[in-house]
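Reader: Hi, I'm in my first year and still learning to read structures. Could you take me through one part of this one slowly?

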Amino acid sequence: MRHAGHFVRLLALVVITVVGFLYVRSLVVPKDFGVKGHFRLSAIDDEGKREARHIGSDACAECHDEIGAAWKAGKHHIPQCENCHGPGLLHTKVVAEDSTAGYTDKILKQFPKAINPGTGITECKWCHLKTFERPSSLKYIVNVEKHITEHQGTFSPASRCIDCHNPHTTVVKR
């Protein structure tokens, strides 16, 4: 019983810590968090009120009809235009000269036409660079330099996938 005081102090410290944690948690976690899952229930309404930024590939094809037709006929018809180029809503507003004053999206500052024109290699790597988590059914490359030299190309640090491939159809240009 000589050490009982140590256990009482340790128990008091644990109780104070747990009560403190529960108190702070009650202050910072929204009341509707965890009602339907691991999210804030009111977030559904908040997201529903936001204007959709993605407009879909069919909307892109309305203006870019040649690319849209090639994309639909090619092997790349599954990923949507916006997967590589970013959301299209602000692009349509910029091109139509509609006001974008109410939008704070970074893409307005990053690209003059509010759409990512693509680098011709970064977007390709998102799906085609071999990583352990990608499905083996997806065509992939392990190394860009190796891929180019294996196909009798000349690699340089400025080499891009679109130098040889049409990104919308995957057809090899040469």
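Reader: I'd like a close look at E123 and what surrounds it, please.

Author: Sure, let's start with the ground rules. This is a predicted model, where local features need pLDDT of at least 70 and side-chain atom pairs count only at pLDDT 80 or more, while totals for chains, interfaces and linings use all residues. Residues are numbered from 1 along each chain as its sequence is written, and side-chain values use heavy atoms, leaving out hydrogens and water.

Now to E123, which sits in helix α8, residues 122–128. Helices here are DSSP runs of H or I with at least four residues, numbered from the N terminus. E123 is buried, and buried means under 20% relative accessible area with a 1.4 Å probe, counting protein chains only.

You might look for a charged partner, but E123 has no salt bridge. That term needs a side-chain nitrogen of Lys or Arg within 4 Å of a carboxyl oxygen of Asp or Glu. For E123, the nearest side chain of opposite charge is R160, 8.3 Å away. Lys and Arg count as positive, Asp and Glu as negative, and His and the chain ends are not counted.

What does the side chain of E123 reach, then? It gets to the backbone nitrogen of T119, at 2.9 Å. Leaving aside residues up to four places away in sequence, E123 also touches C84, N116 and G118, where contact means heavy atoms within 4.5 Å.

For a comparison, try D105 and R53, whose side chains do meet in a salt bridge, 2.8 Å from N to O. D105 is in the loop between α6 (89–95) and α7 (107–110) and R53 in the loop between α2 (42–49) and α3 (57–63), so this pair ties together parts 52 residues apart in sequence. R53 counts as buried too, at 19% relative accessibility.

Key:
Helices (H or I, at least four residues) and strands (E, at least two) are DSSP runs, numbered from the N terminus. Buried means under 20% relative accessible area, exposed over 50%, partly exposed in between (1.4 Å probe, protein chains only). A polar contact is a pair of N or O atoms within 3.5 Å; within protein, one must be able to donate a hydrogen and the other to accept it, and residues adjacent in sequence count only if both atoms are side-chain atoms.
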